[in-house]
Amino acid sequence: MSFLSRRDLINQAAAYSLLASRKLLSQAGVAGPHEDPDAPTLFGFVDQLPIPKLLAPIERRKFRAVYHVRMKESLHGMHSSLPQAKIWGYEGLYPGPTIEAARGERVEIIWENSLPEDHLFKVDPHIHGGMPPTPAVRTVPHLHGARTTSESDGLPEKWFTPGKSVRYIYPNEQQAATLWYHDHAVGITRLNVYAGLSGLYLLRDGEEQSLSLPAGDYEIPLVVQDRTVDDKGQLVYAPMNDDGVPLAPGIWGPEFLGKCPVINGKICPYLNVEPRLYRLRVLNGANTRFFDLRFNLARRAADIPSLLMFSQIGSDGGLLPKPETKRSILLGPAERADLLVDFTGFEGKTVTLMNNAAAPYPGWASMGMHAPRLEELMQFRVVLDRKAVKAVSKTVKVGAPTPFIRYSEKDAVKSRDFLLVEQMDQQGRSLGVRINEKGYDDPVSEVVKLGTLEKWRFINTTEDAHPMHLHLVQFQILHRQGFDYPQFTKGNIQPVGEERLPSPGESGWKDTAIVLPNEILSILVKFEGYTGRYVFHCHMLEHEDNDMMRPYLVIP
Ligand code: C2O
Ligand code: CU
Ligand code: CU
């Protein structure tokens, strides 16, 4: 690297993070009302962004690949000035190795639970499905966004214990997309994923290839999360109540908001990039936190932002029918975005990946509660040296070549309403959010017919935004609209205001969509592929774990 010495890099990092470092200083300490004076000084942007390695199959034949993935406890460096953290990872890695699959090629994965008998975190024994004698260490992997049989879906109750394994089949009969795998065990998903159990699954196809998108070193996966670490570098899981006060370990809380931004497993990293076009595969892999991402050219967070325009070419379920040029993108937990960012002409400059989302999202007016926003997530440093630039970008074609057929509301054979209501105790503390007043174990009430189109409305009566997710399907967002609250308290759902259509970036295939407070999210969903039992839920893991999840049944 010719443009900056290692020493310069450190100085530059230090200079950049005068503000950030002070922020991080308090962030690094154990969560608590008081700042820990012994908390380590963590400078931002000192570690290079790790790129999760590709997993090699144990067997590959024509149209079939077999993988063996063990869930293991291991040590992982979250930041170079911290001792290694104990984590749980697929193949002992955090995030897990990336699995690449080809459309039409069947993937079989032997998922093996090789975890220890004791959980990394204190487990709340009061949560449904997780009460003793249910073992604390239980896992079940789910491939988020994939169309699979119910048997291979990783339903929450299909958990298995250390020493056990399952063999799941992924047909990959769907278009190229940024999918991800993560733990889904009932009542404990938030802890298992927080411990490190998630990874990317990139499904590729010929259509995507025909676009000559940036590939290899120029296609960068970004698993964006938040974590809290103690002064020994260990992960701390400290959820909070609605009043913002952290709860004692082992008690369920409605939100977890980490104090450090973590990208691909590193706290506040940096990446050297060439002055050219890049493809970024972004996943919001956080438990609770929303990210409103932007690329900022300003030197410091305090300066007037100078935002780069970028292009969103894909959403959860694949390439968009029409890309969207934008300055920022909001991603709720589990949402993905496929982005093209052009660093051409920015030699010697630093682009900071910033986040502008309130935490919790979109913010509670009544509580005045707030957690750190985590403004600066990582840096892209554009190399000065033209000679270091290996390839000149070819012209890239964007827009999915497959004709995208927009569903029509009038083809929906049924419309279902889902009321999202927070349950409170006498002190007004959250006991979790329920869907239509039902919990996960209540009998199935949603029975849908294979091959039919339905309209589902999520009606959010809470003060939080919720990322609603359905297994098995990729759906389309119809619109969002407000509703009349006084009417609602009388039992009527009365939409008010304009129907807001999704932006181009949300007009493709989605498996997770945000519903804002006081809003109705309407989606059109076709139940294709398989019959059997599936689930839908809020993807804030704290909510999902505590009954904001319901089963549904697909019948012939
Ligand atoms: Cu990311 Cu039930 O899923
Ligand atoms: Cu899923
Ligand atoms: Cu939720």
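# Briefing: strand pairing, sheets and salt bridges in a predicted model

Strand β23 (residues 414-424) runs parallel to strand β26 (residues 453-460), and 7 bridges connect the two. The structure is a predicted model. Its protein chain contains 6 helices and 33 strands. The points below cover the chain as a whole, two open sheets, a nonpolar surface patch and the salt bridges.

**The chain as a whole**

- Of the 556 residues in the protein chain, 59% are buried.
- Among contacts with a separation of 6 or more, 79% are between residues 24 or more positions apart.
- The exposed area of the protein chain is about 21300 Å², and 53% of this area comes from carbon and sulfur atoms.

**The six-stranded open sheet**

- Strands β23 and β26 belong to an open sheet of 6 strands, which has mixed pairing and the order β24-β23-β26-β31-β28-β29.
- The edges are occupied by β24 and β29 (495-500); each has a single partner strand, so one side of each lacks a neighbour in the sheet.
- From one strand to the next, the twist averages 20°.
- In the parallel pair of β23 and β26, F418 lies opposite F458 of β26.
- On the other pairing of β23, strand β24 (residues 430-435) is antiparallel to β23, with 4 bridges.
- Within this antiparallel pair, L420 has I435 of β24 as its bridge partner.
- The hairpin of β23 and β24 has 5 residues between the strands, and G428 in this hairpin adopts a positive phi near 80°.
- Strand β26 also pairs with strand β31 (residues 519-526), in the antiparallel sense and over 8 bridges.
- In that pair, R457 has S522 of β31 as its bridge partner.

**The five-stranded open sheet**

- Another open sheet has 5 strands in the order β25-β33-β32-β27-β30, and its pairing is mixed.
- Strands β25 (447-449) and β30 (512-515) form the edges; each has a single partner strand, so one side of each is without a neighbour in the sheet.
- With direction ignored, neighbouring strands of this sheet are turned by 25° against each other on average.
- Strand β27 (residues 466-470) and strand β32 (residues 532-538) run antiparallel and are joined by 3 bridges.
- L470 lies opposite F536 of β32.

**A nonpolar surface patch**

- V444, V447 and I555 make up a nonpolar patch on the surface, and their accessible area together is about 180 Å².
- I555 is located in strand β33 (residues 549-555), one of the strands of the five-stranded sheet.
- The relative accessibility of I555 is 31%, so this residue counts as partly exposed.

**Salt bridges**

- The structure has 39 salt bridges.
- One of them joins the side chains of R103 and D205, with an N to O distance of 2.9 Å.
- R103 and D205 are 102 residues apart and link distant parts of the chain: R103 lies in the loop between β4 (99-102) and β5 (106-113), and D205 lies in the loop between β9 (198-204) and α4 (206-209).
- R103 has a relative accessible area of 40% and is therefore partly exposed, whereas D205, at 7% relative accessibility, counts as buried.
- The side chains of R429 and D425 also form a salt bridge, at 3.1 Å from N to O.
- R429 is partly exposed at 35% relative accessibility, and D425 is partly exposed with a relative accessible area of 21%; the cut-off for a buried residue is under 20%.
- A further salt bridge joins the side chains of R480 and E506, at 2.7 Å from N to O.
- R480 and E506 are 26 residues apart and link distant parts of the chain, with R480 in strand β28 (residues 476-483) and E506 in the loop between β29 and β30.
- R480 counts as buried at 10% relative accessibility, and E506 counts as buried at 17%.
- E100, R204, E208, E219, R279, R281 and D338 are connected in a network of salt bridges.

Methods. Residues are numbered from 1 along each chain as its sequence is written. Chains are lettered from A and ligands numbered from 1 in the order in which they are written. This is a predicted model: local features need pLDDT of at least 70, side-chain atom pairs count only at pLDDT 80 or more; totals for chains, interfaces and linings use all residues. Side-chain values use heavy atoms; hydrogens and water are left out. Buried means under 20% relative accessible area, exposed over 50%, partly exposed in between (1.4 Å probe, protein chains only). Contact means heavy atoms within 4.5 Å. Accessible areas come from the Shrake-Rupley method with a 1.4 Å probe; for residues, only the protein chains shown count as cover. Patches are made of residues with over 30% relative accessible area and no salt bridge: like charges are joined within 9 Å, nonpolar side chains (Val, Leu, Ile, Met, Phe, Trp, Tyr) within 5 Å. A salt bridge is a side-chain nitrogen of Lys or Arg within 4 Å of a carboxyl oxygen of Asp or Glu. Two strands pair if DSSP finds at least two bridges between them. Axes are lines fitted to C-alpha atoms, for helices over the stretch in contact, and angles run from 0 to 180 degrees between N-to-C directions.
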